[in-house]
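Colleague: I'm new to this structure and would love a close look at one part of it, namely a place where helices pack. Could you walk me through that, and then show me a few other spots worth finding on screen?

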Amino acid sequence: MCLLPASALLLALAASAAAFVPGDLVRVTRGEMLQFQGKDFVGSAKGQEFPVLQHDAARGLVFVPFVKPDGAIFAVTLPPDAVEALPPDGWRDLLAGCEAFRDGRADAARQLIARAAQDEKWKALATALAPRLLAATTTRSTVALQNLRETAVQLEKLGHQSLALAVDEGADRLGGPTAPPSKVDRDDLKKRVATSTRAVARTRQAIALRCLTNADEEIRAGLAAEPARPELKAFEPKVQKDLEEATRKAADAQRMSRLTRGTPHALTALDMGLKISVDHPKLIALKKELASAFEERTSPPVTPAFLTAAGGGDAAMLAQGHALYTNRCTECHDLELVDSRTVSSWQRTIASMARRAGVNAEQQARMLDYITAAIKVVEKMPAE
């Protein structure tokens with residue numbers, strides 16, 4: 001048996017690992033902590049999507065953008081084994097192709113737009129764009145550049161502001177100082193594209209964090225800026241459907257809270273609603289209204305009464321587990337009703353989130369001991 005030296009083994013592993021290029025869209029395959037400058041920044045949920053900024057294989061980092069509420073964008077990192085590339089998409093190829101044309105990467109532009117033409121949804125637009133971009137690239141004639149200016153106007157009218165801007169800026173690059181004048185309001189177009197692009201990133205983040213009210217706001221703002229932006233139009237029906245379901249849960253919880261012995265049922269509906277949308281205004285208001293009862297069933301404090309209901313236990317260890325559970329778990333999400341899962345389900349959940357939260361095996365055991373006891377306590381609570 002031949003053994004590779006360590007350096008060769010590392011190179012072999014690096015070569016076999018997935019390589020991501022700027023612009024690729026990747027999906028997080030497990031709960032993972034985003035890092036900024038090597039330090040934990042914020043949790044990312046399984047299924048969250050990001051466009052790749054850079055893949056530094058030597059350092060084992062994939063750089064992706066994070067958009068702050070004020071619109072500032074900065075690069076955060078994920079390990080390559082925590083993400084997977086999404087399959088090719090006609091719209092992404094079409095947009096990337098127009099941006100490649102804008103930047104003077106003619107071969108990449110042709111390849112991307114040709115691939116976009118394989119998608120039936122985008123075939124007509126890609127097929128119409130390809131010869132115009134090719135003619136302008138190869139001849140740089142006044143007629144070809146004029147056609148680009150007209151194309152930008154047509155794309156803008158179709159609601160594809162991001163494509164229009166890339167094509168119009170490509171005409172500037174090809175024509176230089178003698179390029180025919182633009183026929184679009186470039187400043188307004190840039191603002192619209194910036195708004196829709198930020199909205200796509202913010203919506204992805206909001207959906208991953210279950211902040212659907214925020215996601216809905218971002219979708220509306222993005223579509224007002226770029227009415228045909230495909231990502232936002234794809235997000236819209238799912239977000240609307242889930243918001244409607246969260247609204248129904250809020251109404252159920254409100255109705256149950258007014259009934260005699262209805263508090264446990266109200267809390268269940270509230271918990272179910274918050275699992276759909278943590279920032280739903282009606283759910284938040286009701287959570288404040290039922291704060292004391294909600295706390296009793298999500299994270300009851302370790303008191304003599306708690307110990308009695310739990311059938312005993314080490315008060316100090318259980319209190320430590322309570323503190324870990326209420327402090328560490330809430331760094332990324334709200335707490336849920338402890339009896340909404342089985343003990344084995346809690347064990348799997350804690351284990352899956354432990355690495356992201358930086359919780360060691362001993363701390364996991366403390367949390368699980370507390371939750372196991374808390375489930376017994378909640379199950380023995382009176383109906384009201």
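Modeller: Happy to: the packed helices come first, followed by a few other parts.

This is a predicted model, in which local features need pLDDT of at least 70 and side-chain atom pairs count only at pLDDT 80 or more, while totals for chains, interfaces and linings use all residues. Residues are numbered from 1 along each chain as its sequence is written, and side-chain values use heavy atoms, with hydrogens and water left out.

Helices here are DSSP runs of H or I with at least four residues, strands are runs of E with at least two, and both are numbered from the N terminus. Two packed helices are described by the angle between their axes and the distance between the axes. For helix α14 (residues 315-328) and helix α16 (residues 361-379), the angle is about 100° and the axes are 7 Å apart. Those axes are lines fitted to C-alpha atoms, for helices over the stretch in contact, and angles run from 0 to 180 degrees between N-to-C directions. The two helices are therefore roughly perpendicular to each other (a word used for 65 to 115 degrees; under 35 is roughly parallel, over 145 roughly antiparallel, and the rest oblique).

Which residues make the contact? From α14 come M317, L318, Q320, G321, H322, L324, Y325 and R328, and from α16 come Q363, R366, M367, D369, Y370, I371 and A373; contact means heavy atoms within 4.5 Å. By type, these residues divide into eight nonpolar, four polar and three charged. Here Ala, Val, Leu, Ile, Met, Phe, Trp, Tyr, Cys and Pro count as nonpolar, Asp, Glu, Lys and Arg as charged, and the others, Gly among them, as polar.

Let's zoom in on Q363, which lies in helix α16. Leaving aside neighbours within four places in sequence, Q363 is in contact with L324, R328 and G358. Q363 and Q320 are 43 residues apart in sequence, and their C-alpha atoms are 8.7 Å apart in space. At 21% relative accessibility, Q363 counts as partly exposed; buried means under 20% relative accessible area, exposed over 50%, and partly exposed in between, with a 1.4 Å probe and protein chains only.

Now for a helix with a buried face. In helix α3 (residues 106-116), A109, L112, I113 and A116 are buried. Seen down the axis of α3, they fall within an arc of 95°, so they line one face of the helix; the arc is that of the directions from the helix axis to the C-beta atoms. Their cover includes α2 (90-102) and α4 (123-139).

Further along, E218 lies in helix α8. E218 is buried, with a relative accessible area of 12%. Not counting residues up to four places away in sequence, E218 touches A199, R202 and T203.

Two loop residues are also worth finding. Most residues other than glycine have a negative phi. R140, in the loop between α4 and α5 (142-157), has a positive phi near 55° and is partly exposed at 46% relative accessible area. R210, in the loop between α7 (186-208) and α8 (212-225), has a positive phi near 65° and is partly exposed too, at 25%.
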